[in-house]
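Here is a short report to read beside the sequence and the 3D view. It goes from ring contacts to cores, then to open space and backbone details.

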Amino acid sequence: MHRFWEKVIKPILAVVQPSSIVEIGSLTGLNTVKLLDYCKHLDAVCYVIDPHPKFEVEWMKIYYREKFELRQQLSLEALPELEQYDLLLIDGDHNYYTVYHELKHAEDMAKLSGRFPVILLHDTAWPYGRRDMYYDPNNVPEEQRQPCALSGIVPGSSALVEGAFNHTVHNALTEYGERNGVLTAVEDFVKQSEVKLKLYLLHSNNGLGILLPEDSELNPVISFIVNTSGL
C-alpha cells in the first residue's frame with residue numbers, strides 16, 4: 001500500500017481531509033507512519049488494526065500519543081467496535097470472505113453514521129485479485145474458504161508451484177471462480193450494496209481499488225488523481 005503514497009494516497013488525504021482513519025494491515029508500518037504524521041499535524045486519529053504488527057508499538061504510542069490507536073485483533077472483530085471513520089484502508093487478509101465482510105462492516109457503520117467512507121483496497125490485481133490467500137485458514141469458516149495449500153504462485157499459472165512466490169502462506173489451489181480473491185469480493189459487494197458505488201482501479205504494484213458513492217462530490221477529484229497518477 002505504501003507504494004501508492006505519493007501519487008494516490010497523499011492526494012486523497014488532502015481532498016478527503018479525514019478526521020478518523022482506519023488502516024487494516026500495517027505490517028512493518030511503512031504506510032502507517034505516513035498516516036500518523038498526517039494525523040499528528042491535522043488533528044485526526046488513526047485506528048490501526050493488525051493482530052501481529054511488525055513495528056515498535058510502544059515507540060509509536062509514545063510519539064503519536066492520542067493520534068494512534070492500535071487494535072491487535074482480526075479486522076472482523078475490530079471493525080464493529082468503531083463507530084465512525086472517514087477513510088478506510090484495507091490491506092490485511094487477502095481473501096474473499098474477509099474483504100467482503102470488511103466492506104459489509106463499513107456499510108453497516110455508514111448506515112449508523114450517515115456517511116459512507118472512502119475506501120482504498122490493496123491487492124486488487126495479481127496475485128490476489130482472483131485468488132484467495134489465508135494467513136490462517138482457521139480464521140475463515142471452512143465452508144467459506146477455498147481449498148488451499150502452503151505452496152507458491154507464479155504469473156500465468158492457475159496451479160500452485162512449490163517454492164514459488166508467497167509459498168509460506170496458504171494460497172487457494174486455483175485462480176478465478178466464485179468467491180475467490182480480493183477483486184471478486186469488491187465486485188460482488190458493489191453489486192449487492194444498498195449504496196450505489198463507484199470503483200476505480202489501478203493495476204500497478206499488485207493493484208489498488210478506490211471505492212466511494214457514485215453521488216459523492218469527491219468523484220471528479222478522485223478520477224483526476226487516478227487518471228494522472230501514471231500507475
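Over the ring of which residue does the charged end of Lys-40 sit? The ring belongs to Tyr-63, and the charged end lies 3.5 Å from its centre. Keep in mind that this is a predicted model.

## Aromatic pairs

How many aromatic pairs does the structure hold? There are 7. Two of them are described here.

Take Trp-59 and Tyr-63. Their ring centres are 5.3 Å apart and their planes meet at 5°. Planes under 30 degrees apart count as stacked, so this pair is stacked. Both residues belong to helix α3, which covers residues 57–64. They are 4 residues apart there, so about one helical turn separates them.

Now take Tyr-96 and Tyr-100. Their planes are also at 5°, with ring centres 5.8 Å apart, so they too are stacked. Their helix is α5, residues 96–113. Again the two residues are 4 apart, which means a separation of about one helical turn.

Are the four residues buried or exposed, or do they fall in between? Buried means under 20% relative accessible area, and partly exposed runs from there up to the exposed limit of over 50%. The table gives the values.

| Residue | Relative accessibility | Class |
|---|---|---|
| Trp-59 | 48% | partly exposed |
| Tyr-63 | 40% | partly exposed |
| Tyr-96 | 4% | buried |
| Tyr-100 | 12% | buried |

In the α3 pair, then, Trp-59 counts as partly exposed, and so does Tyr-63. In the α5 pair, Tyr-96 is buried, and Tyr-100 is buried as well.

Tyr-63 has further company. With Trp-59 and Tyr-64, Tyr-63 forms one aromatic cluster. Tyr-63 is also the residue whose ring lies under the charged end of Lys-40. Elsewhere, Lys-198 lies over the face of Tyr-200, at 5.4 Å from the ring centre.

## Nonpolar cores

Which residues touch the most other members of the largest nonpolar core? They are Ile-12, Ile-21, Val-118, Leu-120 and Ile-210, in a core of 35 residues. Helix α1 (residues 5–16) gives this core its largest share, 6 residues.

Val-118 shows what such a position looks like. Leaving out residues up to four places away in sequence, Val-118 touches Ile-12 and Val-16. Its contacts also include Asp-86, Leu-87 and Leu-88. Ile-210, Leu-211, Leu-212 and Leu-218 complete the list.

Another core lies apart from this one, with 32 residues. Among its members are Tyr-100, Tyr-128, Val-169 and Val-186. Tyr-100 thus appears both in this core and in the stacked pair with Tyr-96.

## Pocket and cavity

The largest pocket holds about 1,000 Å³ of space. It is lined by 40 residues. Which of them lie nearest its centre? Leu-27, Asp-91, Gly-92, His-94 and Tyr-135 do. At least two lining residues come from each of β1, α2, α4 (75–78) and α5.

A search of the whole structure finds 1 cavity of 30 Å³ or more. The largest cavity has a volume of about 40 Å³. Its lining includes Ile-90, Asp-91, Gly-92, Asp-93 and His-94. Val-99, Leu-121, His-122 and Val-182 also line this cavity. Asp-91, Gly-92 and His-94 are therefore worth noting twice: they line the cavity and are among the residues nearest the pocket centre.

## Backbone details

Where is the cis peptide bond? It runs from Trp-126 to Pro-127, with omega near 15°. Pro-127 is in the loop between β5 (118–122) and β6 (133–134).

Asp-123 is found in that loop too, between β5 and β6. Its phi is near 70°, a positive value in a residue other than glycine. Asp-123 is buried, at 6% relative accessible area.

Leu-27 also has a positive phi, about 55°, although it is not a glycine. Leu-27 lies in the loop between β1 (20–24) and α2 (30–42). This is one of the residues nearest the centre of the largest pocket.

Last comes Glu-178, in the loop between β8 (170–172) and α6 (182–192). Glu-178 is exposed, with a relative accessible area of 71%. Glu-178 and Thr-228 are 50 residues apart in sequence, and their C-alpha atoms are 33 Å apart in space.

How values were computed. Residues are numbered from 1 along each chain as its sequence is written. This is a predicted model: local features need pLDDT of at least 70, side-chain atom pairs count only at pLDDT 80 or more; totals for chains, interfaces and linings use all residues. Side-chain values use heavy atoms; hydrogens and water are left out. Rings of Phe, Tyr and Trp (its six-membered ring) pair if their centres lie within 6.5 Å; planes under 30 degrees apart count as stacked, over 60 as edge-to-face and the rest as tilted. Buried means under 20% relative accessible area, exposed over 50%, partly exposed in between (1.4 Å probe, protein chains only). A charge sits over a ring if NZ of Lys or CZ of Arg is within 6 Å of the ring centre and within 35 degrees of the ring normal. A nonpolar core is a set of buried Ala, Val, Leu, Ile, Met, Phe, Trp, Tyr and Cys residues joined through side-chain atoms within 4.5 Å. Contact means heavy atoms within 4.5 Å. On a 1 Å grid over the protein atoms alone, a cavity is a set of points where a 1.4 Å probe fits but cannot get out, and a pocket is an open set with protein on both sides within 12 Å along at least five of seven lines; lining residues have an atom within 4 Å of a point. Grid points are joined across faces, edges and corners, and a volume is the space filled by probe spheres set on the points.
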